[in-house]
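The exercises below are meant to be worked with the sequence and the coordinates side by side. Each one sets a task and then goes through a solution step by step.

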Amino acid sequence: MPSPLRQSFDYLLPDEGIRVAPGARVRVPFGRRELTGVVVAVDHDSTVSPEKLKPLLALLDEEPLIPPHLLSLWQWAAQYYQHPIGEVMHTLMPAGLRSKGNATVKRRKSDTILPPLTPDQPPELNQEQRSAVAAIDASQGKFTCFLLDGVTGSGKTEVYLQAIGRTLELKRQALVLVPEISLTPQTLARFRQRFDVPVAVMHSGLTPRQRLNAWLEAAQGSADIIIGTRSAIFTPLARPGLIIIDEEHDNSFKQQDGFRYSARDLGVMRARREKRPIILGSATPSLESLHNARSGRYTHLHLTMRAGQAQMPRYILVDTNNQRLADGFSDALLDGIRAHLQRGNQVLIFINRRGFAPVLQCQDCGWTAECRHCDARMTLHRFPPHLRCHHCERRDPVNQHCPDCQGKNLYAAGAGTERCEAALQQIFKETPVIRVDRDATRRKDELDNLLTRINQGDPCILVGTQMLAKGHHFPGVTLVGVLDADSGLFSADFRGQEFMAQLLIQVAGRAGRAEQAGEVMIQTRHSTHQNLQTLVTQGYHALAEQLLTERQSVGMPPFGHLAMIRAEAIDALAPARFLDQICQSARQLITSNGLQNTIEVNGPFPAPMERRANRFRQQLLLRSNSRSALQHLLGELCISLDGQNSGRKVRWSIDVDPQDM
Ligand code: ADP
Ligand code: ZN
Ligand code: ZN
């Protein structure tokens, strides 16, 4: 039942003769209302006394809507991520099935699919691709987890396509998960162009009806390929065949609020239950997946060379110490841009910051514009002019004079995408400068229009955030410039170095993906930083090895396991008070379970940004080398948390395997 309680509820079958299968929906009385629930089990016994049991009102599905192995995965996930099973099911089911709705596909005219495309011809695979495809083929029909570890542009997608081809021949379905920002029409076109089969697409931008249709087409088997973002991992498949998680290291596979699951980890669990192969693909695998491959749990497939004629790009570190930068650009980078444009090529400038400038400051007294609701500065935007907080979306007009000293010398410090765009357009007057960030692509189709324009191939400069960094294939780009690598080098997060390395390699991977060799220029004030040096001279895997050694020595993931309990409230002191109680309960449970040497409790301490959107935030970290001990403790702790009077004022949540600290 859609309830915040961590339990299922018992009901009577109205008639002994009725057959009710787990996974079917039923209508039942719930409190004073009538609601839809999902049958999880049918039994002869109940802990509720017979006269108190209420009968079901109606059976909505003759056949189970959710197949048994998937139902058990949902239950497992609810338990592992410590989220109430009823809420899990409620969030996982398309809205149209949460009420009495019929499980049938209905289409509007506007929903009709793209005219059929003429199938393209697969290229001839190189040796490494061939052995990868052969290994996956040999595993059709049984569980194996493959880590497809291939440098950017090595033809991983081509390996997916050929593995899917074999899956389709076996009359089975393929489920492909991609990061949120790379589910573009270009991505879809690549799959649709190869196979003349129905493809169902699932992402957050669908209408409830479109979502329901896609779900049912997958569940009933009329779609052969299902491509989606994170939540698609829970879609039932009539004929499961192959699961692919592209860019498996990507953060967007972890849900960051409510039911905080990892679609990648659940994908592996699902494949195991369905006895089917799964491919995790990346040029920069997560340390978790590398560790699993090293220990033999995953089969490691390598693509070490770029496909076709393309070469790996060359790295150049540009030390910006003691250099005067013009709007963030060094002379060396500007010269590089000029040279590549003169050869008729495209240039991509990466800067992970939207807006015009991150700081509006008073030159006279040092005042800076800060958000009234967050521990953060307001970002100055130019189009249209306003100050905006990127953490709570608060907007303010731009100050004309300093509120502290009334001085008129306010200046914009630092650079964001808008400033880079303006500066480059000023210098390279003849060349189009195309900005690609969340602000420039707010309207539907805008990103796609920009990508189409870029792929026409005329010389241009792209300025963009992460949105440009991942997955895209830009054959015309030969120079990638990273404006500032330093914010990633000194992150407080224990995953900071891993994220920095992944992002740099992914951005760099946009350079030189066709015939012409690529260059990557990285501006930094710390060109001798050891990790940065390792990354650019020896590559991602060398750095990953070092990071794994560090993680092992401190027992952090993938060697140790974490759970974070977060609390927030408008009252500044309430969250820490609440977590202090939880901390005590946790310590008592640890002692009573004899886990003193197995589980550590750290905190409570303030979240990295303590106040956000007017709420104060604290966190408590649990760490253990034993996943099962941690799971056991969390289960008991949840019961105590549920019973704890947090006051209505404190909101709390548990994050198992947290990504961000
Ligand atoms: P990745 O997914 O690893 O980044 P892609 O699959 O996008 O790489 O491949 C990069 C480019 O190389 C694409 O244009 C693709 O069509 C091409 N390609 C892939 N495999 C081959 C091959 N065996 N021969 C020639 N071109 C290939
Ligand atoms: Zn001032
Ligand atoms: Zn704010």
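**Exercise 1. Describe the shell around ligand 1 in this predicted model.**

*Solution.* Begin with the element that supplies the largest share of the shell around ligand 1, which is helix α4 (residues 156–169), with 3 residues. Next, take the shell as a whole: 16 residues surround ligand 1, and the closest are Gly155, Lys156, Thr157, Ala307 and Gly308. Finally, sort the shell by residue class, which gives 3 nonpolar, 10 polar and 3 charged residues.

**Exercise 2. Determine how helix α17 and helix α18 are placed relative to one another, and which residues bring them into contact.**

*Solution.* First, locate the helices, α17 at residues 574–592 and α18 at residues 627–643, and examine their axes, which come within 10 Å and cross at roughly 135 degrees. Second, classify the angle: since values over 145 degrees count as roughly antiparallel and those from 65 to 115 as roughly perpendicular, α17 is oblique to α18. Third, assign the hand of the crossing of α17 and α18, which is right-handed. Fourth, list the contacting residues: α17 contributes Ile582, Ser585, Ala586, Leu589 and Ile590, and these meet Leu633, Glu636, Leu637, Ser640 and Leu641 of α18. By class, the residues of this contact divide into 7 nonpolar, 2 polar and 1 charged.

**Exercise 3. For each set of cysteines that UniProt lists as "binding site", establish where its members lie relative to one another.**

*Solution.* Start with Cys371, Cys374, Cys389 and Cys392, which an unreviewed UniProt entry lists under "binding site". These four span 22 residues in sequence, yet no two of their C-alpha atoms are more than 8.7 Å apart, so they gather at one spot. Within this set, Cys389 can be placed in the loop between β15 (386–388) and β16 (395–396).

Continue with Cys362, Cys365, Cys402 and Cys405, which the unreviewed entry also covers with a "binding site" annotation. Here the span in sequence is 44 residues, but no pair of C-alpha atoms is more than 8.7 Å apart, and therefore these cysteines too gather at one spot. One of them, Cys402, is found in the loop between β16 and β17 (410–413).

**Exercise 4. Summarise the secondary structure and the end-to-end distance of the region that UniProt annotates as "domain: Helicase C-terminal".**

*Solution.* Take the boundaries from the unreviewed UniProt entry, where this annotation covers residues 397–555. Over residues 397–555, the chain is 41% helix and 15% strand, while the end C-alpha atoms are 47 Å apart.

Key:
Residues numbered from 1 in each chain as written. Chains lettered and ligands numbered in written order. Predicted model: local features only at pLDDT ≥ 70, side-chain atom pairs only at ≥ 80, totals over all residues. Near = placed C-beta within 6 Å. Helix = DSSP H or I, 4+ residues; strand = E, 2+ residues; numbered from the N terminus. Nonpolar A, V, L, I, M, F, W, Y, C, P; charged D, E, K, R; others polar. Axes fitted to C-alpha atoms, helices over the stretch in contact; angles between N-to-C directions. Parallel < 35°, antiparallel > 145°, perpendicular 65-115°, else oblique. Left-handed = near helix turned anticlockwise from the far one by under 90°. Contact = placed C-beta atoms within 7 Å. UniProt positions renumbered as here; feature names shortened; annotations may be inferred.
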